[in-house]
Amino acid sequence: MKVDVVLGLQWGDEGKGKVVDVLTPGYEVVARFQGGPNAGHTLEFNNEKYILRSIPSGIFQGDKVNVIGNGVVLDPALFKAEAEALAQSGHDLTERLYISKKAHLILPTHRLLDAAYEAAKGDKKVGTTGKGIGPAYTDKISRTGIRVGDILNDFDTKYAQAKARHEQILKSLNFSYDLADAEKEWMEGIEYLKKFNLIDSENFINGLLKQEKSILCEGAQGTMLDIDFGSYPFVTSSNTVCAGACTGLGIAPNKIGRVMGIFKAYCTRVGSGPFPTELFDETGNALCELGHEFGSVTGRRRRCGWLDLVALKYSVMINGVTSLIMMKADVMNTFDTLKVAVAYKINGETVREFPYEIGNDVEPVYKEFKGWKCDINRIRSYDEFPAELKNYIEFIEQECGVPVKIVSVGPDREATIVR
């Protein structure tokens, strides 16, 4: 038995939450393998809207097993608030959610360090969400982090040591703060965590595989934010690519089956960093407004631009994508002309492979397509798509060498066409 992986191929916000929710009926287990509460997965069904930060998106589908893997960093206070809100809406997680003991905890002082580091960078700031993700992963790599399993053994000592170390750094940065309220909420979150199934997730996942259980691995953020392969240094702090499922859950590479890559029919990005196809005109504003491009966690306005095939093909290669999922095709309903970047011009040279570094000298080379100029929101069959949309999809398939198997034409579960 192999696991399937679903992940984002752009700069995040591709619509992974909806896709996992749609795919989950075909699986018995959904496992989140990296990231933290800076990544919000939005799901809409039955006229209700839900935003998940740390909890896997399969939590709404019946009796599925949901796993938070060791590659995730978890903020107990935010987790408690998220889980309690879901419980109030009728989704009790205590029996269906399993949390890796090896997942690292985000401390209240990690959030302070996040703010202090960003302030110190001035105009070179990365544009983090301020949730303490980077400092938590930094402690993990420097072997000074606190893990979920530590709350069961000598926790007070470990916490005090980590807090003292962080406060020393904050003092050196002349960063003033008040920790009392945040620390109180965080400690309440620690107690709340103890209600859940805390597991050795690598043994748990591999045991499920031996039982022939079908498993869907869910990634957060997007490939172009990967710490190794993204637009460094404007990236997240974890491996968002398919390989992250192996390290973030304890799965051997030969256990990876299908890899489903999600992308928008256009591109968006939040925060700082290069974005070759970004639009600063009325078209960019229209994409933002029509696509409701505002962060589900932060509320920040997303930068918008045309689809970038140079970056998309790179992501397909890095992840070994076996099928593509195109989101938000309906956002493009009203445009007369659509553009797709098929290459970059850098210092007069045409480049078709994603470069080591992207600077201000990158000029996208576009191919134009005629827009479909009709409302596709109520279409429920690929055969009903207008010819212009089919041309757009088939060009992407040809360039990427991978079929587009799912097309989303609206935010609801039902507005999903499977080919």
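Biologist: Happy to start small: in which helix is Lys171 found?

Modeller: Lys171 is found in helix H5, where helices (H or I, at least four residues) and strands (E, at least two) are DSSP runs numbered from the N terminus. Bear in mind that this is a predicted model, in which local features need pLDDT of at least 70 and side-chain atom pairs count only at pLDDT 80 or more, while totals for chains, interfaces and linings use all residues. Residues are numbered from 1 along each chain as its sequence is written, and side-chain values use heavy atoms, with hydrogens and water left out.

Biologist: Good to know. What makes Lys171 count as exposed?

Modeller: Its relative accessibility is 68%. Buried means under 20% relative accessible area, exposed over 50%, and partly exposed in between (1.4 Å probe, protein chains only). The value for Lys171 is over the exposed cut-off, so the label is exposed. The C-alpha atom of Lys171 is separated by 36 Å from that of Phe275, 104 residues apart along the chain.

Biologist: Let's turn to rings. Why is the pair of Phe79 and Phe196 called edge-to-face?

Modeller: By the rule, rings of Phe, Tyr and Trp (its six-membered ring) pair if their centres lie within 6.5 Å; planes under 30 degrees apart count as stacked, over 60 as edge-to-face and the rest as tilted. This rule gives 15 aromatic pairs. For Phe79 and Phe196, the centres are 5.1 Å apart and the planes make 70°, so the pair is edge-to-face. Phe79 sits in helix H2 (residues 76-88) and Phe196 in the loop between helix H6 (180-193) and strand E9 (197-199), 117 residues apart.

Biologist: And how do you know whether Phe79 and Phe196 are buried or exposed?

Modeller: Phe79 has a relative accessible area of 0%, so it is buried, and Phe196 is buried as well, at 6%.

Biologist: What makes Tyr159 and Trp186 a stacked pair?

Modeller: Their ring centres are 5.1 Å apart and their planes meet at 25°, so the pair is stacked. Tyr159 belongs to helix H5 (residues 155-172) and Trp186 to helix H6, so parts 27 residues apart in sequence are tied together. Tyr159 is buried at 5%, and Trp186 is buried at 1%. Elsewhere, Phe369, Trp372, Tyr392 and Phe395 form one aromatic cluster.

Biologist: Tyr392 rings a bell from the nonpolar core. What makes a set of residues a nonpolar core?

Modeller: The set must consist of buried Ala, Val, Leu, Ile, Met, Phe, Trp, Tyr and Cys residues joined through side-chain atoms within 4.5 Å. The largest such core has 76 residues, and those with the most contacts inside it are Leu324, Met326, Met332, Tyr392 and Ile396. A second, separate core of 28 residues includes Ile68, Phe79, Phe155 and Tyr192.

Biologist: On to charges. How do you know that Glu293 and Lys328 form a salt bridge?

Modeller: The term needs a side-chain nitrogen of Lys or Arg within 4 Å of a carboxyl oxygen of Asp or Glu. Here the N to O distance is 3.0 Å, so the pair qualifies. Glu293, at 0%, is buried, whereas Lys328, at 22%, is partly exposed. Salt bridges that share partners join Asp13, Lys264, Glu293, Arg302 and Lys328 into one network, and the whole structure has 22 salt bridges.

Biologist: Why does the pair of Lys213 and Glu28 count too?

Modeller: Their closest N and O atoms are 3.7 Å apart, so they meet the salt-bridge rule. Lys213 lies in the loop between helix H7 (201-210) and strand E10 (215-218) and Glu28 in the loop between helix H1 (16-23) and strand E2 (29-32), so the pair ties together parts 185 residues apart in sequence. Lys213 is partly exposed at 27%, and Glu28 is partly exposed at 35%.

Biologist: Last one: which side chain of opposite charge is nearest to Lys64, and how far away is it?

Modeller: Asp63 is the nearest, 5.3 Å away, and Lys64 is buried yet has no salt bridge. The side chain of Lys64 does reach the backbone oxygen of Pro25 at 3.5 Å. Lys64 itself sits in the loop between strand E4 (48-52) and strand E5 (65-68).

Notes:
Lys and Arg count as positive and Asp and Glu as negative; His and the chain ends are not counted. A polar contact is a pair of N or O atoms within 3.5 Å; within protein, one must be able to donate a hydrogen and the other to accept it, and residues adjacent in sequence count only if both atoms are side-chain atoms.
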